[in-house]
Amino acid sequence: MSDASTKSYLWCDPCRRSFSHADAPEGDCPVCGTPMREMGKMAAVLRGLMATELVASDLRIKHRSLVRMIWTRNGLGEGYYRVLEPDMTYGRFESRVTDLVCRGAEEGWITIQIPAAPTLDDDDYKIVIHDEDRFIDEMHRMVEANRKKRK
Ligand SMILES: [Zn+2]
């Protein structure tokens, strides 16, 4: 690991908290997907204190990772990536689609199904998309918007 990545942190303005480089290999916030800026450890700690970092944030990150693990299962993440050919790294694409799945769940057109207790049966964990047209449409729009921005 380089000197910079062990001594610096990444700061997310919307979430008002810091992440280590290991938490965000692409430099995007693992919670909201916003590109983050680098800052020294001390500055990140001070900013965190000022923003009174929420203890629940770690739960949110884990919850989001679980959502990501569910929708990318069985090679589906790579499958979408191959078909859409987005102008971004796979990691960033995964993060963007995870945002979309979370938003869909918030808005009610996607259901994230998690069993009452951890189970060995992977099929108990699933993402049910009630409006597939909308999902495909939004995924397409996200990829196109990114393409335009890059040009
Ligand atoms: Zn954030």
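pLDDT is the predictor's confidence in each residue, on a scale from 0 to 100. I start there since what you have in front of you is a predicted model. The mean pLDDT of the chain is 85, and 90% of its residues reach 70 or more. Among the elements, strand β4, residues 110-113, has the highest mean, 96, while helix α1, residues 3-7, has the lowest, 55. Over residues 1-5 the pLDDT is below 50, and this stretch has two contacts in the model beyond near neighbours in sequence. Where pLDDT is low, the predicted coordinates should not be read in detail.

Now the overall layout. The chain has six helices and five strands. Starting at the N terminus, the order of elements is α-β-β-β-α-α-α-α-β-β-α. Along its principal axes the C-alpha trace spans about 45 × 45 × 30 Å. Of the 151 residues, 19% are buried. Taking the contacts with a separation of 6 or more, 56% are between residues 24 or more positions apart.

The domain assignment splits the chain into domain 1, 3-50, and domain 2, 57-150. Their C-alpha centres lie 23 Å apart. Seven residues from domain 1 and ten residues from domain 2 take part in the contact between them. On the domain 1 side, that contact has three nonpolar, one polar and three charged residues.

Next, the cores. In soluble globular proteins, nonpolar side chains tend to be buried together. Here the largest nonpolar core has ten residues: Y9, L10, W11, C12, C15, F19, A24, C29, V31 and M36. Which strand gives the most to this core? That is β1, residues 8-12, with four residues. As for A24, leaving aside residues up to four places away in sequence, A24 touches L10, F19, C29, P30 and M36. Another core, of seven residues, lies apart from the largest one; among its members are V67, V101, C102 and I110.

Two of those names, V101 and C102, bring us to helix α5, where both count as buried. The other buried residues of α5 are F93, S95, V97, T98 and G104. The helix runs over residues 90-107, 18 residues in total, and reaches 25 Å from its first C-alpha to its last, close to the 26 Å expected at 1.5 Å a residue. After α5 comes G108, with a positive phi near 95°.

On to the loops and their backbone angles. Most residues other than glycine have a negative phi. Two exceptions here are worth a look. N74, in the loop between α3, 57-71, and α4, has a positive phi of about 55° without being a glycine. Is N74 buried or exposed? N74 counts as exposed, because it has 8 C-beta neighbours inside 10 Å, and the cut-off for exposed is 12 or fewer.

The second is E85, in the loop between α4 and α5. E85 is not a glycine either, and its phi is positive, near 45°. E85 has 9 C-beta neighbours inside 10 Å and therefore counts as exposed.

T89 is also in the loop between α4, 76-84, and α5. Why does T89 count as partly exposed? Because T89 has 13 C-beta neighbours inside 10 Å, and a residue needs 20 or more to be buried. T89 and R73 are 16 residues apart in sequence, and their C-alpha atoms are 18 Å apart in space.

That is what I have on this one.

Technical notes: Residues numbered from 1 in each chain as written. Predicted model: local features only at pLDDT ≥ 70, side-chain atom pairs only at ≥ 80, totals over all residues. Core = buried A, V, L, I, M, F, W, Y, C linked by C-beta atoms within 7 Å. Helix = DSSP H or I, 4+ residues; strand = E, 2+ residues; numbered from the N terminus. Expected span 1.5 Å × (residues − 1). Domains from an automatic or database assignment. Nonpolar A, V, L, I, M, F, W, Y, C, P; charged D, E, K, R; others polar.
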